[in-house]
Amino acid sequence: MAGAAGSALVPITARAAAQEAGAPSAQDPGLPVDVTLHVNGKDKRLHIDARTTVLDALREHLKLTGSKKGCDHGQCGACTVLINDRRVVSCLTLALAEGQEITTIEGLATDDHLHPMQQAFVDNDAFQCGYCTPGQIMSAIACVKEGHAGSDADIREYMSGNICRCAAYPNIVAAVKQAAPEIMKG
Ligand code: FES
Ligand code: FES
């Protein structure tokens with residue numbers, strides 16, 4: 001990453017706190033940087049403003065528009081992606097993420113086969129308008145892998161960061177329960 005300020009994911013809040021505390025900044029954050037993002041198994045070379053979020057890098061620069069921008073404030077979960085298999089709200093994560101494996105909704109299906117969680121959402125009618133659905137599915141996969149799909153209450157608790165304005169929650173819980181055994185089998 002030529003001239004980038006860092007090589008790890010940098011939560012915006014942490015970065016702002018460091019700057020307020022007088023930590024030296026490697027360069028003017030308004031200057032563009034070269035960064036290679038590893039997205040859905042492929043390297044993507046970008047020349048972007050150092051302040052670009054992962055969400056904007058995906059949607060605006062890579063045209064991967066599956067991840068949705070809802071609140072842009074880390075409160076709705078619509079932008080959830082997996083980074084190194086952990087769920088993150090991509091609207092609050094800077095794109096200076098070389099070496100990190102980013103998985104988006106576009107990276108789940110293989111050939112003609114939906115991911116088990118995608119199939120479970122279809123089978124259980126777990127979406128209405130579909131706007132929150134990519135974030136719900138990414139979060140649901142992580143929820144299962146974290147071991148938090150043991151009961152309806154657990155699923156509701158650990159999916160509570162993903163808001164659905166259509167209130168498809170009962171069907172989402174049913175979808176997570178359906179997909180969990182298959183995902184845990186690997
Ligand atoms: S758009 Fe990121 S949490 Fe709402
Ligand atoms: S399906 Fe419409 S917001 Fe969730």
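How close do the axes of H3 and H4 come, and at roughly what angle do they cross? They come within 10 Å and cross at roughly 120 degrees. That pair gets its own close-up below, in a set of views taken from a predicted model.

**Figure 1. The whole chain, to get your bearings.** The chain holds six helices and five strands. Walk along the sequence and you meet them in the pattern α-β-β-α-β-β-β-α-α-α-α. Of the 186 residues in the chain, 41% are buried. Take the contacts between residues at least 6 apart in sequence: 58% of them join residues at least 24 apart.

**Figure 2. Helix H3 meets helix H4.** Here are the two helices from the opening question, with axes that come within 10 Å and cross at roughly 120 degrees. An angle of 65 to 115 degrees would count as roughly perpendicular and one over 145 as roughly antiparallel, so H3 and H4 are described as oblique to each other. Their crossing is right-handed. On the H3 side, the contact is made by Met117, Gln118 and Phe121; on the H4 side, look for Thr133, Gln136, Ile137, Ala140, Ile141 and Val144. Sorted by type, these residues come out as six nonpolar, three polar and no charged.

**Figure 3. Helix H4 meets helix H6.** Now keep H4 (residues 133–145) in view and bring in H6 (residues 169–185): their axes come within 9 Å and cross at roughly 50 degrees. H4 and H6 are therefore oblique to each other. H4 passes H6 in a right-handed crossing. H4 brings Gln136, Ala140, Ile141, Val144 and Lys145 to the contact, and H6 answers with Ile172, Val176, Ala180, Ile183 and Met184. That makes eight nonpolar residues, one polar and one charged.

**Figure 4. Helix H3 meets helix H6.** The third pairing packs at an angle of about 145 degrees, with the axes of H3 and H6 8 Å apart. H3 passes H6 in a right-handed crossing. From H3, the contact takes in Pro116, Met117, Ala120, Phe121 and Asp123; from H6, it takes in Ile172, Ala175, Val176, Gln178, Ala179, Glu182 and Ile183. The tally for this contact is nine nonpolar, one polar and two charged.

**Figure 5. Two nonpolar cores.** Which residues have the most contacts inside the largest nonpolar core? They are Met117, Phe121, Ile137, Ile141, Val144, Ile172 and Val176, in a core of 27 residues. Helices H3 (116–123), H4 and H6 each supply at least two residues of this core. Zoom in on Val176 and, leaving aside its neighbours within four places in sequence, you'll find it in contact with Met117, Ala140, Val144, Ala149 and Ile155. There is also a second, separate core, this one of 17 residues, including Val39, Val54, Leu58 and Leu62. In soluble globular proteins, nonpolar side chains tend to be buried together.

**Figure 6. Helix H2 and the strands it packs against.** Where do the buried residues of H2 pack? They sit against strands S1 (32–39), S2 (42–49), S3 and S5 (101–103). The buried residues in question are Val54, Leu55, Ala57 and Leu58. Two of these names may ring a bell: Val54 and Leu58 are among the residues of the second core.

**Figure 7. Two positive phi angles in one loop.** This view follows the chain past H2, to Lys63, whose phi is positive, near 60 degrees. Lys63 is found in the loop between helix H2 (54–61) and strand S3 (80–83). Asp72 lies in the loop between H2 and S3 too, and its phi is near 60 degrees, a positive value in a residue other than glycine. Most residues other than glycine have a negative phi. Are these two residues buried or exposed? Lys63 counts as exposed, because its relative accessibility is 59% and the cut-off for exposed is over 50%. Asp72 is partly exposed, with a relative accessible area of 33%.

**Figure 8. Cys91, tucked into a loop.** Cys91 is found in the loop between strand S4 (86–89) and S5. With a relative accessible area of 3%, Cys91 is buried. Look for Gly70 in this view as well: Gly70 and Cys91 are 21 residues apart along the chain, and their C-alpha atoms are separated by 9.2 Å.

Conventions. Residues are numbered from 1 along each chain as its sequence is written. Chains are lettered from A and ligands numbered from 1 in the order in which they are written. This is a predicted model: local features need pLDDT of at least 70, side-chain atom pairs count only at pLDDT 80 or more; totals for chains, interfaces and linings use all residues. Side-chain values use heavy atoms; hydrogens and water are left out. Axes are lines fitted to C-alpha atoms, for helices over the stretch in contact, and angles run from 0 to 180 degrees between N-to-C directions. Helices (H or I, at least four residues) and strands (E, at least two) are DSSP runs, numbered from the N terminus. Angles under 35 degrees count as roughly parallel, over 145 as roughly antiparallel, 65 to 115 as roughly perpendicular and the rest as oblique. A crossing is left-handed if the near helix is turned anticlockwise from the far one by less than a right angle, and right-handed if clockwise. Contact means heavy atoms within 4.5 Å. Ala, Val, Leu, Ile, Met, Phe, Trp, Tyr, Cys and Pro count as nonpolar, Asp, Glu, Lys and Arg as charged, and the others, Gly among them, as polar. A nonpolar core is a set of buried Ala, Val, Leu, Ile, Met, Phe, Trp, Tyr and Cys residues joined through side-chain atoms within 4.5 Å. Buried means under 20% relative accessible area, exposed over 50%, partly exposed in between (1.4 Å probe, protein chains only).
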